[in-house]
Amino acid sequence: QVQLKESGGGLVQPGGSLRLSCAASGSIVNIYSMGWYRQAPEKQRERVASISRSGNTMYADSAKGRFTISIDNAKNTVYLQMNSLKPEDTAVYYCYLSTPIISWGQGTQVTVSS
């Protein structure tokens, strides 16, 4: 069984930055990819960014130029650096791991508000 522990969420003013972390532990044979989804109130969950073990990245259009995803393979940890945050980035951010079986974290709240 795989466990994902997220950290780094919180309240930030518009234009501010946050760095999310997600550490995977447990029965991990091989990581295909890790990444982040988010879900705002009354909206569908959407993919924000993902990264393969080899470092190939994908970003949602809303994240391009502002968010950077990175992975530390030795620590089975994925990071999401979020800059120039906007109120519309407010959501619960969920980490996922693909082995290729998908495991999810519990989510961390990000609130962008003045």
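This is a tour of a predicted model, moving from the disulfide to the core and then to one edge of the strand pairing.

**Stop 1: the disulfide**

Select cysteine 22 and cysteine 95. Their sulfur atoms lie 2.0 Å apart and form a disulfide, and a search of the whole structure finds one such bond. The pair joins distant parts of the chain, with cysteine 22 in strand S3 and cysteine 95 in strand S9, 73 residues apart. Look along the S-S bond: its torsion is about -80°, so the disulfide is left-handed. Cysteine 22 and cysteine 95 are both buried.

**Stop 2: the largest nonpolar core**

Next, select Met34, Trp36, Leu80, Met82 and Tyr93. The largest nonpolar core has 28 residues, and these five touch the most other members. To see where the core comes from, colour the strands that give two or more residues to it: S3 (18–26), S4 (33–39), S5 (46–52), S7 (67–72), S8 (77–82), S9 (91–98) and S11 (108–112).

**Stop 3: methionine 82**

Keep methionine 82 selected and show its surroundings, ignoring neighbours within four places in sequence. Which residues is methionine 82 in contact with? On one stretch of sequence there are Gly16, Ser17, Leu18 and Leu20. The others are Arg66, Phe67, Tyr93 and Val110. Tyr93 is also one of the five core residues picked out at the previous stop.

**Stop 4: serine 50**

Move to strand S5 and select serine 50. Is serine 50 buried or exposed? Its relative accessible area is 9%, under the 20% limit, so serine 50 counts as buried. Leaving out residues up to four places away in sequence, serine 50 touches Met34, Gly35, Asn56, Thr57, Met58, Ile69 and Tyr96. Of these contacts, Met34 has already appeared among the core residues of Stop 2.

**Stop 5: strand S11 and its partners**

Finish on S11. In a regular strand the side chains alternate between the two faces of the sheet. In S11, Thr108, Val110 and Val112 make up the covered face, while Gln109 and Thr111 make up the uncovered one. Val110 is among the contacts of methionine 82.

Now add the two strands that pair with S11. Strand S2 (residues 10–12) runs parallel to S11, with three bridges between them; here valine 12 has valine 112 as its bridge partner. S9 pairs with S11 in the antiparallel sense, also over three bridges. Tyrosine 93 stands opposite threonine 108 of S11. S9 also holds cysteine 95, which leads back to the disulfide of the opening stop.

Note on methods: Residues numbered from 1 in each chain as written. Predicted model: local features only at pLDDT ≥ 70, side-chain atom pairs only at ≥ 80, totals over all residues. Heavy atoms only, no water. Core = buried A, V, L, I, M, F, W, Y, C linked by side-chain atoms within 4.5 Å. Buried < 20%, exposed > 50% of the residue type's maximum accessible area, 1.4 Å probe, protein only. Helix = DSSP H or I, 4+ residues; strand = E, 2+ residues; numbered from the N terminus. Contact = heavy atoms within 4.5 Å. Pairing = 2+ DSSP bridges. Disulfide = S-S within 2.5 Å.
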